[in-house]
Amino acid sequence: DLAAFHPGADRGALRARLGLPEMPIVFFLARLDRAHYFKGLHVLIEALALLPEAALVVGGDGEWRANYEAQARARLGDRVCFVGDIADAALPDHYRAADVLALPSIDRTEAFGLVLLEALACGTPVVASRLPGVRTLVDEGRTGFLVQPGDAPDLATRLGECLRARPTLSANAVAFVRE
């Protein structure tokens with residue numbers, strides 16, 4: 001829905017309103033429960049430990065949240081923010097506030113990744129696992145990057161590249177979704 005998911009206004013003001021960190025933000029969105037283990041949040045936490053210039057914002061809730069929070073705090077300290085469930089109306093603002101969306105799924109259980117399209121429509125580049133359904137939504141090097149599933153160093157490298165190329169990737173992302 002391009003009426004809801006589109007680039008927005010001043011990202012700095014949006015970040016301040018949402019209470020998000022001032023450093024580059026990697027956004028992750030998923031249910032934090034047993035059924036969604038395959039989303040790969042644990043891999044993303046390890047990748048961010050290798051990328052000290054970025055913060056992690058996690059959207060979603062579930063019975064595994066406390067475990068993920070403990071792991072993230074141990075590895076990332078104050079560079080992580082768990083925001084809980086996000087209302088549908090507020091979701092585009094979270095995509096817009098982020099510098100990159102990560103979908104580091106670890107196996108073929110991840111069939112599509114609607115979050116990728118939503119983020120791209122908001123002008124947020126993406127880094128996702130190289131899985132059959134997911135890879136159809138990422139124009140490698142143009143709207144984001146693909147990584148080997150479960151490979152935290154590869155994920156960290158590609159997130160860094162994405163952050164550095166964000167202005168170009170962002171413009172390409174919006175055009176890609178409109179096409």
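Let's begin with disulfides: a search of this whole structure, which is a predicted model, turns up zero of them. Take C81, which is in no disulfide, with the nearest cysteine sulfur, that of C122, sitting 18 Å away. C162 tells a similar story: the closest cysteine sulfur to its own is again in C122, at 15 Å, so a bond is ruled out by distance. To count as a disulfide, the two sulfur atoms would have to be within 2.5 Å. C162 is also buried, and its relative accessible area is 0%.

Now for the strands. Follow the chain to β4, residues 100-103, and you'll find it paired with β5, residues 126-129, in the parallel sense over three bridges. In that pairing, L101 stands opposite V126 of β5. Helix α5, residues 114-121, joins in here: together with β4 and β5 it makes a β-α-β unit, and that unit is right-handed.

β5 has another pairing too, with β6, residues 144-147; this one is also parallel and runs over four bridges. Here V126 turns up again, as its bridge partner in β6 is G144.

That leaves the empty space. The largest pocket has a volume of about 240 Å³. Its lining is made up of 16 residues, and those nearest the centre are L29, A30, R31, L91 and V115. Which helix should you look at for the lining? It's α5, the helix from the β-α-β unit, that gives the largest share of the lining, three residues. Chemically, the lining is a mix, with six nonpolar residues, four polar ones and six charged ones.

Note on methods
Residues are numbered from 1 along each chain as its sequence is written. This is a predicted model: local features need pLDDT of at least 70, side-chain atom pairs count only at pLDDT 80 or more; totals for chains, interfaces and linings use all residues. Side-chain values use heavy atoms; hydrogens and water are left out. Two strands pair if DSSP finds at least two bridges between them. Helices (H or I, at least four residues) and strands (E, at least two) are DSSP runs, numbered from the N terminus. A crossover is right-handed if, with the strands pointing away from the viewer, the path from the first strand over the helix to the second runs clockwise. On a 1 Å grid over the protein atoms alone, a cavity is a set of points where a 1.4 Å probe fits but cannot get out, and a pocket is an open set with protein on both sides within 12 Å along at least five of seven lines; lining residues have an atom within 4 Å of a point. Grid points are joined across faces, edges and corners, and a volume is the space filled by probe spheres set on the points. Ala, Val, Leu, Ile, Met, Phe, Trp, Tyr, Cys and Pro count as nonpolar, Asp, Glu, Lys and Arg as charged, and the others, Gly among them, as polar. Buried means under 20% relative accessible area, exposed over 50%, partly exposed in between (1.4 Å probe, protein chains only).
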